[in-house]
Structure formats: structure tokens, C-alpha cells
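Biologist: I would like to learn how to read a model like this one, feature by feature. Could you take me through it?

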Amino acid sequence: MKFGIDTFACDSGKSGFGSYLAGLTANLPAQDGVEYMLFGAPLDRYTYSNDIPFCEARCGDSMNAQRFWHNFTAKGFYKKNQVDAVLYPAATRLLPGRFSVPGAAVLHDCLSVILAKAKFAHRLTLRGFERVQKIIVPTNYIKNDLLRLGFDGKKIHVVRHGIDHNRFYQRPLDDEALLNLKPFAIKRPYIIYASSVTGAGKKHIELIKAFEIFKKRTGAPHRLVLAGSEGEWADQVHKVAFDSPVASDIFLTGFFPREGFPLLCAGADACVFPSVQEGVGLPIVEAMASGVPVAASNAGALPEICAGKAVLFDSDNLEEMASAIETVATDKNARQRLILEGISWSKKFNWEECARTTVEILGSLLDH
């Protein structure tokens, strides 16, 4: 049997969709009688794997052209290439409304939130998820959102995403006061929040204000590093950071190069993650794997992801967030406990297990 893996809409590896696809394809299990084929735009031929055959699906670069291809041209493409089942890693962007071969859609966030943001595509997106044979989600939080929308629980499978433990691990950096991460040089100690600056729900502004309270209360030397690509909320966040009484200790990096991010993460004294709209929150697990204690919002999927291995707080309670920052940044006993528990817990997030289970789900599509 041959499984096709759709690379369309995964941003050529430069987004969360792309990172997921890269981790998955690098760990697909070799099994007798199972073949894999990547397909998508010509640009993606060497993006994800040199070992898995790639077949170009020429359809134009626009989203409308790609939607047309998935809904009207893909049937002949699958037949020609003898594809038995298809995995759609970026299903909220591109998912057919009808399926000529069985499909599994990967959903990385709450569908209710996505539908609310993209009302113009509501019917098309919802129809695809209603008709696809399997839906793969990384957390029970997302599964429960689907159940509330009326989806059949039998078609929903919870499969944890992995992280790359060859990149995220505890490093001996105690004597390094300055991390030279081109094009940045970042002075330690610092607290990190790695998330795109795309909306109020990410809680960057609340974090800056809680950081001010933490600095005033403790006089600690820590800086706050906000690392993530900038979106429509960036101007507001920059203004609050610039006007802050501790502005000199706040550093916004914008998009941080993938190559240097593991060292940036490992060099932090603590990770604080206040977002209230996460369906997963993998930067938390990457921080844990790096030996960095974590404080996180008690909203969304974060309590599930943290599993008691982090200090949780109400992101709208600035005093509570400041106290959580103080604990993970300065409380020696709490830090040591969180570091040890976090490293152990992070091992449960591995790409080998994710890929193996995903292939099993694809295989189950052909059992009927």
C-alpha cells in the first residue's frame, strides 16, 4: 500500500505546519509492503526528505488554485500514482470537500477557533472535516472541542506531536554570560517567551506588565526575551514594551532563526508561556527538554501539556503571573524540581512514536 503525504500549505518548512511535517517525515517507519510518497509544489521537492519519493503536483501558487486542485484534479493524480490513502498535515488550510481515496486530516488547533476567524471559508473547511475519514489531533483539548461541535469521537485520534531531542536538550551554559546567536547577542540571565505576536490572546502585554511587577518586587537582573514572528498585534506590544519602566530589560527578537533557537531556549533561566489560546504549546515541551523550568497559563491545552510539571497561573491576574515568574526564576528548590520533572516528561513527546501511530491510523483506513 502507498500513503501519500500532502506538503501543500506547509510553508516549505517555515511554520508550525512545516515543522510538524519535517519531524514526521524524518521518522516514518520502514515497513514491509508500505510505501510513502510526498506530493506538493515543486519548491518542496527537497524541503522535507531526500529519502522519500516526491511527486510534483502542478497547480499554481495561489490558494484558490491549490483548493481547485485538491477538489477536482487530485482524484486523477492519486489514481495515476497508485495512492491508497492520504495524510493532510495542513488540513485547516487545504482539505478536499470530497475524498476519492481515504484521508486523515491533522488538526493542530481548536476547529471552533479557526472557523470563527475564517468565516468566509467556514463551509468549505467544516465540510472537509465532516467528510474526512480520520482526524488526528495532538491533545485531548482539541478532541473535546471537536466533540462539542458534534463530531463522531470514533474518527478522532489523539497523537502527541514530537520534539527533536537532538536539538532540545540540557546544555552546560553556567559560565556563559552572553549568548552569541547571530544576528543576536543576548545577555543572561533571561526569561523567554517564544510565540508569534499575533493577537491579544497571546498575552504579551500582560506578560510585560507582570515582568515589571517581578522586577520591582525582586530587583532580579533578568531580562525578558520575546521571540516570535510579528503579526497584527506587534505594534501594540512594541509600544507597551517601549513605554515600560523596565524597557531596557525587554528584548523583542521578531522571527528567530530555527538554527539558533534551541540554544536560545537552553540559555534561558525560565520559560513563561501566558497564551490562553493554545491547542498544543510545544515550546513549553522544548523548554522542559532543555532543562528550563516553566510557568504557563492555566487556559487552553497548556495544563494538559504541562501535566503538573509547571507553575500555572491566571494570565489576567498580573500579581499571580509575577509570582509564578518569581518562582521559576529565583526559587532554587522549585526550579530544581521542575527541571527534573520537565526533562522526564518531555521524553514522552517523540517523533518516532508520533510517526508510528500516524502510519497505523493511515493503515486502518484500508481495513474496511
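Modeller: Gladly; we will go through a helix, the core, some aromatic rings, a buried glutamate and a few backbone details. Keep in mind that this is a predicted model.

Biologist: Let's start with helix 11. How many residues does helix 11 have, and what span does it reach?

Modeller: Helix 11 covers residues 318–330, which is 13 residues, and reaches 18 Å from its first C-alpha to its last, close to the 18 Å expected at 1.5 Å a residue. At its N-terminal end, N317 acts as the cap, with a side-chain oxygen 3.3 Å from the backbone nitrogen of E319.

Biologist: Which residues of helix 11 are buried?

Modeller: A general idea helps here: an α-helix has 3.6 residues a turn, so residues three or four places apart point the same way. In helix 11 the buried residues are M321, A322, A324, I325, V328 and A329. Viewed down the axis of helix 11, these buried residues fall within an arc of 160°, so they line one face of the helix. Their packing partners include helix 6 (204–218), strand 10 (190–194) and helix 12 (332–346).

Biologist: Now the core. Which residues have the most contacts inside the largest nonpolar core?

Modeller: That core has 129 residues, and those with the most contacts inside it are W69, Y78, F129, I191, L226, L264 and I284. Take Y78: leaving out residues up to four places away in sequence, Y78 touches F39, W69, V83, V86, Y88, S100 and V101.

Biologist: W69 and Y78 both carry rings. How many aromatic pairs does the structure hold?

Modeller: There are 15 aromatic pairs in the structure. For W69 and Y78, the ring centres are 6.4 Å apart and the planes stand at 90°; planes over 60 degrees apart count as edge-to-face, so this pair is edge-to-face. W69 counts as buried because its relative accessibility is 4%, and Y78 counts as buried because its value is 2%. Another edge-to-face pair is F168 with F261, at 6.0 Å centre to centre and 65° between the planes. This pair links distant parts of the chain: F168 sits in the loop between strand 7 (156–158) and strand 8 (178–181), whereas F261 belongs to helix 8, 93 residues apart. Both F168 and F261 are buried. As for clusters, F8, F39, W69, F77 and Y78 form one aromatic cluster.

Biologist: What about a charged type of side chain: is E278 buried or exposed?

Modeller: E278 counts as buried because its relative accessibility is 11%, under the 20% cut-off. E278 is placed in the loop between strand 13 and helix 9 (282–289). Its side chain makes a polar contact of 2.7 Å with the side chain of S275. Among the residues that E278 touches are D109, Y141, S195 and K202. Compare E360 in helix 13, which counts as partly exposed because its relative accessibility is 43%.

Biologist: And the backbone: which residues does a cis peptide bond join?

Modeller: First the background: most residues other than glycine have a negative phi, and most peptide bonds are trans. Here a cis peptide bond joins R188 and P189, with omega about 0°. P189 is in the loop between strand 9 (184–187) and strand 10.

Biologist: Where is A9, with its phi near 65°?

Modeller: A9 lies in the loop between strand 1 (2–6) and helix 1 (16–25), and is buried, with a relative accessible area of 13%. A307 also has a positive phi, of about 50°; this residue lies in the loop between helix 10 (302–306) and strand 15. A307 is partly exposed, with a relative accessible area of 29%.

Note on methods
Residues are numbered from 1 along each chain as its sequence is written. This is a predicted model: local features need pLDDT of at least 70, side-chain atom pairs count only at pLDDT 80 or more; totals for chains, interfaces and linings use all residues. Side-chain values use heavy atoms; hydrogens and water are left out. A nonpolar core is a set of buried Ala, Val, Leu, Ile, Met, Phe, Trp, Tyr and Cys residues joined through side-chain atoms within 4.5 Å. Buried means under 20% relative accessible area, exposed over 50%, partly exposed in between (1.4 Å probe, protein chains only). Contact means heavy atoms within 4.5 Å. Helices (H or I, at least four residues) and strands (E, at least two) are DSSP runs, numbered from the N terminus. The expected span of a helix is 1.5 Å times one less than its number of residues. The arc is that of the directions from the helix axis to the C-beta atoms. A polar contact is a pair of N or O atoms within 3.5 Å; within protein, one must be able to donate a hydrogen and the other to accept it, and residues adjacent in sequence count only if both atoms are side-chain atoms. Rings of Phe, Tyr and Trp (its six-membered ring) pair if their centres lie within 6.5 Å; planes under 30 degrees apart count as stacked, over 60 as edge-to-face and the rest as tilted.
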